[in-house]
Amino acid sequence: SGSLNYVVKKGNIFKTYEGKLIQDGLRSKVPGSIGSETFEFSIVNDSIADILMNNSGKSFDLHYKEYKNTLPWRGYTNYVVDKIINMKDIDTRIP
């Protein structure tokens, strides 16, 4: 879960979709501060990639499969998103 940073299509021979999700509120290495972690993933389904590309910046809950190794036609990461569980707008109002 987190806010979608980007999704891009890349590759020389095998074109795959690659994305990055920013997970907020995780512990930082600096005491007393809040950091963020990134989750990089691949997408093999064009329709999922289209939804994500058209909604960059929104908050997503994603389901993924983890593989031991990467394959050129599957993407650059061991994590392959296969389903969008939830999508919502991020509330940017300052309380």
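Q: What makes a residue buried, exposed or partly exposed in this predicted model?
A: A residue is buried under 20% relative accessible area, exposed over 50%, and partly exposed in between.

Q: Why is glutamate 40 called partly exposed?
A: Glutamate 40 has a relative accessible area of 39%. That value is neither under 20% nor over 50%, so glutamate 40 is partly exposed.

Q: And why does lysine 20 count as buried?
A: The relative accessibility of lysine 20 is 19%, and the cut-off for buried is under 20%. Lysine 20 therefore counts as buried.

Q: How do you know that glutamate 40 and lysine 20 form a salt bridge?
A: Their closest N and O atoms are 3.8 Å apart, and a salt bridge needs a Lys or Arg side-chain nitrogen within 4 Å of an Asp or Glu carboxyl oxygen. The pair meets that cut-off, so the name fits. Glutamate 40 is in strand S3 and lysine 20 in strand S2, so the bridge ties together parts 20 residues apart in sequence.

Q: What makes lysine 58 and aspartate 89 a salt bridge?
A: Here the closest N and O atoms are 3.4 Å apart, which is within 4 Å, so this pair qualifies too. Lysine 58 sits in the loop between H1 and S4 and aspartate 89 in the segment after strand S5, so parts 31 residues apart in sequence are tied together. The structure holds 2 salt bridges.

Q: Why do lysine 58 and aspartate 89 get separate labels for exposure?
A: Lysine 58 has a relative accessible area of 24%, so it falls between the two cut-offs and is partly exposed. Aspartate 89 has 58%, which is over 50%, so aspartate 89 is exposed.

Q: How do you know that serine 59 is buried?
A: Serine 59 has 17% relative accessibility; this is under 20%, so serine 59 counts as buried. Serine 59 belongs to strand S4. Beyond its neighbours within four places in sequence, its contacts include Gly2, Asn86 and Ile90.

Q: Why is the pair of phenylalanine 14 and tryptophan 73 called edge-to-face?
A: The structure holds 5 aromatic pairs. In this one the ring centres are 5.8 Å apart and the planes stand at 65 degrees. Centres within 6.5 Å make a pair and planes over 60 degrees apart make it edge-to-face, so both conditions hold. The pair links distant parts of the chain, 59 residues apart: phenylalanine 14 in the loop between S1 and S2, and tryptophan 73 in the loop between S4 and S5.

Q: What makes tryptophan 73 exposed?
A: Its relative accessible area is 52%, which is over 50%, so tryptophan 73 is exposed. Tryptophan 73 also joins Ile13, Phe14 and Leu71 in a nonpolar surface patch, with about 450 Å² of accessible area together.

Q: How is the pair of tyrosine 64 and tyrosine 79 classed, and why?
A: With planes at 85 degrees and ring centres 5.4 Å apart, this pair is within 6.5 Å and over 60 degrees, so it is edge-to-face. Tyrosine 64 lies in strand S4 and tyrosine 79 in strand S5, so parts 15 residues apart in sequence are tied together. Both tyrosines belong to one aromatic cluster with Phe39 and Phe41.

Q: Which residues have the most contacts inside the largest nonpolar core?
A: They are Leu4, Leu21, Phe41, Ile43, Leu52 and Leu62, in a core of 13 residues. Strands S1, S2, S3 and S4 and helix H1 each give two or more residues to this core.

Conventions: Residues are numbered from 1 along each chain as its sequence is written. This is a predicted model: local features need pLDDT of at least 70, side-chain atom pairs count only at pLDDT 80 or more; totals for chains, interfaces and linings use all residues. Side-chain values use heavy atoms; hydrogens and water are left out. A nonpolar core is a set of buried Ala, Val, Leu, Ile, Met, Phe, Trp, Tyr and Cys residues joined through side-chain atoms within 4.5 Å. Buried means under 20% relative accessible area, exposed over 50%, partly exposed in between (1.4 Å probe, protein chains only). Helices (H or I, at least four residues) and strands (E, at least two) are DSSP runs, numbered from the N terminus. Contact means heavy atoms within 4.5 Å. Patches are made of residues with over 30% relative accessible area and no salt bridge: like charges are joined within 9 Å, nonpolar side chains (Val, Leu, Ile, Met, Phe, Trp, Tyr) within 5 Å. Accessible areas come from the Shrake-Rupley method with a 1.4 Å probe; for residues, only the protein chains shown count as cover. Rings of Phe, Tyr and Trp (its six-membered ring) pair if their centres lie within 6.5 Å; planes under 30 degrees apart count as stacked, over 60 as edge-to-face and the rest as tilted.
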